[in-house]
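Reader: I'd like to go through the contacts in this structure with you. Could you take me from each value to the reason for its label?

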Amino acid sequence: MSEVKYFRPKSYKELNDLLDQLPDFFLAVAGTTDFIPATRNGAPYPDAILDISQVAEFLLIKKDDLRISIGAAVTMADLFTNKIIVENAPALASAAKSLGAPQTRNRATIGGNIANASPSADTAPVLLTLNADVHFLAKDGSTRQIPLTGFFQDYKKTAMRADEIITGFSFDAPASDTWSRFAKIGQRNGATISVVNMAVLISKEGTRCTDLKVAFGAVGPVPLRSPSVESLATGKIMDQELIGKCAKALQLDISPISDIRGSAEYRRDVAANILARALTDAFA
Amino acid sequence: MSFKDKNFRIVGKPMPRHDAWEKVLGNVSYAGDHEIPGMLHVKVLRSEYAAARLIAIDTSAALAVKGVETVLTAEDVPNNETVTKFGQTHTVGGFEGLYRVLAEKKVRFFGEAVAIVAAKSPEICDEALKLIRVEYEPLEGVFDPAEALKPGAYLVGEDDSNLICQYKVRKGDIGAGFAKADVIVENTYRVPQVDHAYLETECGSAWLAEDGVLTIRASTQVIEHFRGIAEVLGLPQNKVRVIAPMVGGGFGGKEDITVETFLALVVFKTSKPCTMTWTREESLLSHGKRHAYTMKYKTGASSDGKLVALEVDILSDAGAYVYLSPWILLYSTVKATGPYNIETVKVDARTVLTNNIFASANRGFGGVQVCFAYERQMDEVAKALGMDPLELRRKNFLHQGDALATGRVLEHAVETEQTAINVRKMLGEKTVSDKANILIGQGIASSMMSYGRMTFLHDTSRSYVSIELDGSVTIRCGVQDIGCGQKSSLASIAAEVLGVELTDVTVYFGDTALTPLAGTTTATRQLYMSGNATLKAAQYIRDNLLNKGAEVLKVAVEDLDLADNKLVVDSDPSLAMPLAELVKICASDGVELFNLAQFNAPAREFMDFTTGQGQVFADFTFGSHGIEVAVDTDTGKAEVLKYVSSYDVGQALNTLSAEGQIEGGAIYGLGYGMTEEILYEKGRALNANLATYLIPTAMDVPDIEVDMIESHGGIGPFGAKGLGEPSSVPSAPAFVNAVCNAIGKSLSELPATPERILRALKN
Ligand SMILES: Cc1cc2nc3c(=O)[nH]c(=O)nc-3n(C[C@H](O)[C@H](O)[C@H](O)COP(=O)(O)OP(=O)(O)OC[C@H]3O[C@@H](n4cnc5c(N)ncnc54)[C@H](O)[C@@H]3O)c2cc1C
C-alpha cells in the first residue's frame, strides 16, 4: 500500500503557498461524496489529495452589483439556505435541496458537483441556464475563467486541466421578474439520482417569450443547453402549439441512453413532458 | 387489573420496548461490534461468473502475503457439501437442499463464495484475494426458469433436470366451474427478485473457548444452525455453540447460514479468533433473495360477483441452489386463492434452478408474490363485472368455518372482511386533484398469511422462567431477537403472569449453550411458539406460588392473585403479601420457582400431494391495506398520499410494538410495489448497492394509519396472532391497485416504477 499526501489549506494564501509541493498526480477534493464511492469502486488514488473544503474564500457566496459568485467549497446545505441564492437564483436553491439526502447535502459541494461532471449533476443545468463562468487556479499560480457551456466536453471529460482546480463560479443575477424552475425526475423522492433533470429561465412580456434558456441533464453524455428550443421560442408568443413544437425540437438536442435508471425512450418522453409543463406554467 | 381477570396490566398496553433505550443510546453490542484481541479478519473471494466449471485454484501467491494466516477452498472443508433436511426436530421426507460452503465442481451464480482468506487486517485480506488464481471454464448458464425447464436446457446443478419440485391443488371440477362463469379474466403477473436490505449486513466473530467448544457469535435468525456447522466440520453437535446477539434486521435473509461456516472454518483451521463483516455489495450479491415469479391467473365469475373458478400456474425462479424454495412454493400454492372462497380451483406450481442468485426466505415466504396476483386479479375481475372492488371481495371472502381449497377448515377467527371495510372507511373520499397532470386513485388489498411453521414440521419451542429470591424474574429462551421485540414480548408475558413490572424481568436469549432452544425467528412464529412456551412456564411458577400462598394465608387459591409485585387476596386486600416474601417462603420449603416448558404446535401429517388436500398451516392472520396515490402523467411518478392498514392481531402484546410492525410492514411492502428489483444481465446483478437498488426513503413514506382489531381468536398467547410477515403482504397490490385506479389502465408487473406507469399511460 502506497502513501498518499494530504493537504488541507485554510485560506487562499495557504493554498497558493503549497501549490508547488503538489505532485503531478494530485486531486482536489471537497465533500468526498463522489471521491470515496469512486475509489471504493476501483478509481486510482492520486499521489496527493488537496482538500479544499476549508479554504475560507471558497466557502463564500457574494453579490457585487449584479454579479453573484459562489466559492467551490460551498455545500448544498449552504446553497439552498443562502439568502442571495434563494432570492436571485431560486432554481439553484431547489437543485441543491434536491441533491442526495441531508447527510449528503451537508458535505457535497458545488465545485465537486461540477468537477465530477456526471451527466446527471443536479446543479449543472441551473448553472448552464445562468450562463455561469467557472474559475480555475492552476498549479503555477495562474488563474482563468471560462463559460460553463464550454466546460463539459464529453462523458466525464471537462475543460479543466490536470494541473487546475476549480475555485468558484460567477454569473449575472437574473432580473427579478424572470421565471425559473428546476425539475428533477428521480426513481424515488429521497436520495435519488436524476433520471432526467431540467432548468428553465424565462423572460417574458405578457405571453411573449423574450428570452429562454433551458438546460437538461442525464439526456446525453454531458449536461446541455437546448439551442433548438431556445431559438424556436425566443421572441415568440407562447401558446400550446409552440409548446408542442418546443417539446419536439428538444428531441433534436438530446441523445439519451438506456441505463439501469431508465430507458432512452422514457427519458425522451419525460424531458418533453416536463419542458411542456414548465412552459405552460410559466405562461399560465 | 391482572392476569387473572384478563384485564391485563401490561399485555395490550402501549409500552416502550424494554430494550429500546439501550439501542437508542448505542449501548447494544451487535454481532459486528465484538472485538477479540488478536482476531483475524476473514474475507471471501467471490465468483465473477454465473456459470462456470472450476478447473483449478492456486492460492500460493495469496498465502505468501505477509500477514495472511490461511487461504481455504472447498478442498479444505471437512464436509463441504451437506444436505439440509428441512425441519427443526423432525426430519420430513421429500426435499433435500444441497448446501455448499465453498464452490466446487461448477460455479452456479455470480457472487458465489470460491475461497476465503484470513489475515491480520482487512487490507491484507484484500491484497491476498487479488492474488488467488482461479481457472474457470465459462459455461452458458440459464437465467430464465421457463428456459431452464426446456428439454436440453443448461443444467445448473449435477442433477439431470432443473426442476426442483412441483405442487398442485385440486378442488372441484374446474371445467364445470368455468362453464358457469359469466366473465373470465386472464392475466399473467410478474414479480422480480428482491432483497431484504437490512441495516446490518451479515457479520460475526468466532473463537475457540477454553473448553474446546467452537463458538460463533453471529447475526442470524437461526442459532440452531450449530448442527449444520458441526456437520460441515465433522464435530459433535455439542462442540459447536452459536450466539445471536441483537440482530440488526433479518426479514428472512438471515434464515440461511451466512458468515457462520466461514468463521467456524477459520477457527477450526487456525485455532485463532476471527471476525467477518460483509460489505453491502457482498450482502446483496450473495444472500438468498425473494423469488421472482411468473403467475398466470384465470378467474371465472358469475355476473353477480361470485367466484366460480380459479386456475393458477406459478413458475418460481429458485436461483442457483435449492435452499428453502420447495417450502416457499408450497406456501404460495396453498395461498394462491387468497382469502377467498372459490367454487372450483386448480393450482399448479413449479420451482426451477437457474444461474441467478439463489432465492430463499423473505418476509412473506411465498405469500407475497401470490397476493400481488390474486389482489390485482380481484380488481381486474371487478372491472370486468363493473362492480366495486370492495363489493366483489365481500361477496367472496372466506369466513370462520369455511374451508380453503386444500380442504383445511378455518377454525379460528377470520376478520378479513372487517379489515377491508375498515381500510375503505379510513381512506375516505378521494382527494380532488387541482392539477391537469395529476390523477388520483385509491386501491385496497386484503391478504391471508400464516403464522407458525407448516404443521407437518412438528414445531416446538422451549422457554425457561424462574423467579429469583428478591422477586425479580429471569427468562432463558433461545429466541433470536431480530428487532421485532421478540425478547420484549416474552418479558411482558412473564411480567403479566407473575404480577411483576416489565423492568423486573431479564431475558437471556439466543445462545445454544445457555438458553433452551426455541427454534428459528422466522415464519412469524416466535410470539406464537416461544410466547406460549413462556406463558406455560410462567403459569407453572404462578400455580406454585399461589398454592403456597393459599397454604400460608389459609385462603382458597381461587381468592388469590399476583399483581404489582404482591400476592393479593381478592376478598381481603389487607392480607396482601410482598411477592419477595412469598418467594422466600417457597424457596425455604423447596417449592420449585423455575420451569422449563415446551410448547408443541398442533401437528398434522404431510398434505396429499396428488390432490393438494390437507392441512399445511395452523392459523392465519388476516388484514387489509388501503392506499391513495397521486400519479403525475408527465413523469409516471406515483406519490402515496394516504396509507391505511387494518389487521386482526388477535391480541396485541404491546400496542406500540404491534403498530410498529404494521407500519414497518407497510413500508417494506411499498418498496416491493414501487421500486425494488434486482436487475440482471446474464446472472450478474447490475444494481448490487443501495444507490441503485432502491428501497423507500423517509421522503417516500407518508404517515401510516393503523387499525387493530382484537378478536382474541389467535393461537398465540392470550389469543394473539402473528404480525411480522402478515403486516407486509398486501402493500404492493394495494399500491398498484391505486395506481391502476388513477390511470384507468392495468399493470401486471412489479415494481410499478414511474417508467412502467408512464408506458401504461401511453398505451
Ligand atoms: C448518497 C449520495 C447521494 C447523491 N445524490 C446526488 C444527487 O442527487 N445529485 C447529484 O448531482 N449528485 C449526487 N451525489 C453526488 C455528489 O454528492 C455530488 O456530485 C457532490 O456535489 C460532489 O461534491 P463533493 O464536494 O462531495 O465532491 P468530491 O467527492 O470531493 O469530489 C468529486 C470530484 O470532483 C473533484 N473536485 C472536487 N472539488 C474540486 C475542485 N474544487 N476543483 C477541482 N476538482 C474538484 C474531485 O477530484 C473528484 O473527482 C450523491 C452522492 C451520494 C454519496
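Author: Below we talk through one interface between chains and one between domains, in a predicted model.

Reader: Let's start with the two chains. What makes E265(A) and K762(B) a salt bridge?

Author: The N to O distance for the side chains of E265(A) and K762(B) is 3.0 Å. The cut-off is 4 Å between a Lys or Arg side-chain nitrogen and an Asp or Glu carboxyl oxygen, so this pair gets the label. Between chain A and chain B the count comes to 4 salt bridges.

Reader: How many residue pairs are in polar contact across chain A and chain B?

Author: There are 13 such pairs, with both residues at pLDDT 80 or more. On the side of chain A that touches chain B, helix α11 (residues 264-282) of chain A has the largest share, 7 residues. By class, that side of chain A splits into 6 nonpolar, 7 polar and 6 charged residues.

Reader: How do you know which residues take part in the contact of the chains?

Author: A residue is in if it has heavy atoms within 4.5 Å of the other side, and therefore 19 residues from chain A and 26 residues from chain B make the list.

Reader: Why is about 2000 Å² called the area buried between chain A and chain B?

Author: Because it's the accessible area the two lose on being put together, summed over both, the figure belongs to the pair of chains. Carbon and sulfur atoms carry 52% of that area. Of what chain A buries against chain B, R188(A), N189(A) and I260(A) supply 34%, more than any other three residues.

Reader: Now inside chain B. Where do the domains run?

Author: Domain 1 covers 20-29 + 460-600, domain 2 covers 34-139 + 202-277, and domain 3 covers 292-454 + 606-762.

Reader: What makes domain 2 and domain 3 of chain B partners in contact?

Author: The C-alpha centres of these two domains lie 36 Å apart. Contact is judged on heavy atoms within 4.5 Å, so the 22 residues of domain 2 of chain B and 24 residues of domain 3 of chain B that pass do count. The two domains bury about 2000 Å² between them, 64% of it on carbon and sulfur atoms.

Reader: How many salt bridges and polar contacts are there across that domain interface?

Author: The rule finds 0 salt bridges there, but 7 residue pairs are in polar contact. On the domain 2 side, strand β5 (residues 96-100) of chain B gives the most, with 5 residues. That side has 11 nonpolar, 5 polar and 6 charged residues.

Methods: Residues are numbered from 1 along each chain as its sequence is written. Chains are lettered from A and ligands numbered from 1 in the order in which they are written. This is a predicted model: local features need pLDDT of at least 70, side-chain atom pairs count only at pLDDT 80 or more; totals for chains, interfaces and linings use all residues. Side-chain values use heavy atoms; hydrogens and water are left out. Domain bounds come from an automatic or database domain assignment. Buried area is the accessible area (1.4 Å probe) that two parts lose on being put together, summed over both. A polar contact is a pair of N or O atoms within 3.5 Å; within protein, one must be able to donate a hydrogen and the other to accept it, and residues adjacent in sequence count only if both atoms are side-chain atoms. Helices (H or I, at least four residues) and strands (E, at least two) are DSSP runs, numbered from the N terminus. Ala, Val, Leu, Ile, Met, Phe, Trp, Tyr, Cys and Pro count as nonpolar, Asp, Glu, Lys and Arg as charged, and the others, Gly among them, as polar.
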